[in-house]
Amino acid sequence: MHTLYSLALCFCCPLRQLRRSSPPPQPLIPPSVPASGASTPWCVCGMEKDKEDEDEGRERPEPLTDVERGIIQDTWARVYQSCEDVGVTILIRFFVNFPSAKQYFSQFQDMEDPEEMEKSSQLRKHARRVMNAINTVVENLHDPEKVSSVLILVGKAHALKHKVEPIYFKILSGIILEILAEDFGECFTTEVQTSWTKLMAALYWHITGAYTEVGWLKLSSSAV
């Protein structure tokens with residue numbers, strides 16, 4: 001897990017100019033959650049009192065402005081035209097740079113060659129799932145309650161079903177920002193980078209909130 005924590009910390013800061021590295025892999029955004037895992041979602045507004053109390057202990061990310069939401073949606077429209085290829089690139093870099101993440105994917109566990117990963121139908125399927133999850137968030141930036149509900153399901157699925165350590169979401173967020181800056185650099189101005197960094201911080205905040213809600217620390221200590 002070499003630069004695990006340094007990359008994790010970088011993700012919340014303005015995106016630095018990144019050098020292109022070897023073939024990229026990406027994120028862990030989850031499959032749909034079974035009905036049994038979908039408890040009443042908490043949202044940006046109208047949260048239950050006990051959830052409000054829990055969230056007071058976590059630093060809420062700075063909200064996106066209307067201008068920033070528009071910037072994200074405009075740039076995402078370009079990214080989504082190459083949805084599967086971008087997703088595959090993200091996942092490859094993720095798994096190559098952080099091979100410990102492959103422990104959660106039986107179908108990728110034994111793959112080390114980026115070319116083999118790129119040809120994997122299972123990896124491509126997961127890449128589409130990841131990109132579609134991001135697309136749902138971006139399309140609904142005007143509806144904080146919907147965004148919160150989607151991310152809560154993602155967090156609960158990964159905590160309860162897949163038992164993924166939440167730090168991987170922060171790492172994945174950093175890799176997503178890297179790939180977007182590299183592959184769409186001509187439109188990834190400082191303003192665009194700042195907007196996307198704020199979005200990723202908000203996503204991580206919601207997802208880790210779901211981990212807290214299901215008592216992740218207890219699950220984690222018993223699983224180790």
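**Exercise 1. Compare the span of helix 4 with the expected span, then say how far helix 4 is covered and by what.**

Solution.
- Start with length. Helix 4 has 15 residues and reaches 21 Å from its first C-alpha to its last. At 1.5 Å a residue, 21 Å is expected, so the span is close to that value.
- A word on the source: the model is predicted.
- Next, cover. Eleven of the 15 residues of helix 4 are buried, and the helix is mostly covered.
- Name them. The buried residues are Cys83, Val86, Gly87, Val88, Thr89, Ile90, Leu91, Ile92, Arg93, Phe94 and Phe95.
- Finally, find the cover. It includes helix 3, helix 5 (114-119), helix 6 and helix 8.

**Exercise 2. Describe how helix 4 packs on helix 6.**

Solution.
- Take the geometry. Helix 4 (residues 83-97) and helix 6 pack at about 110°, and their axes lie 8 Å apart.
- Classify the angle. Angles from 65 to 115 degrees count as roughly perpendicular. Helix 4 is therefore roughly perpendicular to helix 6.
- List the partners. Helix 4 brings Cys83, Glu84, Asp85, Val86, Gly87, Val88, Ile90, Leu91 and Phe95. Helix 6 answers with Leu123, Arg124, His126, Ala127, Arg128, Met131 and Asn132.
- Sort by class. The contact of helix 4 with helix 6 has nine nonpolar, three polar and four charged residues.

**Exercise 3. Place Arg128 and decide: buried, partly exposed or exposed?**

Solution.
- Locate Arg128. It sits in helix 6.
- Apply the cut-offs. Buried means under 20% relative accessible area, and exposed means over 50%. Arg128 has 35% relative accessibility, so it counts as partly exposed.
- Check a distance. The C-alpha atoms of Arg128 and Val88 are separated by 8.1 Å, with their positions 40 residues apart along the chain.

**Exercise 4. Follow the chain from the end of helix 6 into helix 7. What does Asn140 contact?**

Solution.
- Fix the position. Asn140 lies in the loop between helix 6 (121-139) and helix 7 (144-161).
- Judge the exposure. Asn140 counts as buried because its relative accessibility is 13%.
- Look for contacts. Neighbours within four places in sequence are left aside; Asn140 is then in contact with Lys146 and Val147.
- Move into helix 7. It has 18 residues and reaches 25 Å from first C-alpha to last, close to the 26 Å expected at 1.5 Å a residue.
- Pick out its buried residues. Among them are Val147, Ser148, Val150, Leu151, Ile152 and His158.
- Stop at Ser149. This residue is found in helix 7. At 19% relative accessibility, Ser149 counts as buried.
- Add a distance. The C-alpha atoms of Ser149 and Ile207 are separated by 10.0 Å, and the two residues are 58 residues apart along the chain.

**Exercise 5. Which residue just after helix 7 has a positive phi? Continue from there into helix 8.**

Solution.
- Find the residue. Lys163 comes just after helix 7 and takes a positive phi of about 55°. That is a positive value in a residue other than glycine.
- Place it. Lys163 lies in the loop between helix 7 and helix 8 (167-183).
- Judge the exposure. Lys163 counts as partly exposed, because its relative accessibility is 42%.
- Go on to helix 8. It has 17 residues and reaches 25 Å from first C-alpha to last, close to the 24 Å expected at 1.5 Å a residue.
- Weigh its cover. 16 of the 17 residues of helix 8 are buried, so it is largely enclosed by the rest of the structure.

**Exercise 6. Is helix 3 roughly parallel or roughly perpendicular to helix 9?**

Solution.
- Read the geometry. Helix 3 (residues 66-80) and helix 9 (residues 190-213) pack at about 100°, with axes 9 Å apart.
- Conclude. Helix 3 is roughly perpendicular to helix 9.
- Name the contact. Helix 3 supplies Val67, Glu68, Ile71, Ile72, Thr75 and Trp76. Helix 9 supplies Glu191, Val192, Ser195, Trp196, Lys198 and Leu199.
- Sort by class. The contact of helix 3 with helix 9 has seven nonpolar, two polar and three charged residues.

**Exercise 7. Step back. How many helices and strands are in the chain?**

Solution.
- Count elements. The chain has ten helices and zero strands.
- Assess burial. Of the 224 residues, 52% count as buried.
- Consider contacts. Take those between residues at least 6 apart in sequence: 84% join residues at least 24 apart.
- Finish with the surface. The chain exposes about 11,100 Å², and carbon and sulfur atoms supply 52% of it.

Conventions: Residues numbered from 1 in each chain as written. Predicted model: local features only at pLDDT ≥ 70, side-chain atom pairs only at ≥ 80, totals over all residues. Heavy atoms only, no water. Axes fitted to C-alpha atoms, helices over the stretch in contact; angles between N-to-C directions. Helix = DSSP H or I, 4+ residues; strand = E, 2+ residues; numbered from the N terminus. Parallel < 35°, antiparallel > 145°, perpendicular 65-115°, else oblique. Contact = heavy atoms within 4.5 Å. Nonpolar A, V, L, I, M, F, W, Y, C, P; charged D, E, K, R; others polar. Buried < 20%, exposed > 50% of the residue type's maximum accessible area, 1.4 Å probe, protein only. Areas by Shrake-Rupley, 256 points an atom, 1.4 Å probe, with all protein chains shown as cover.
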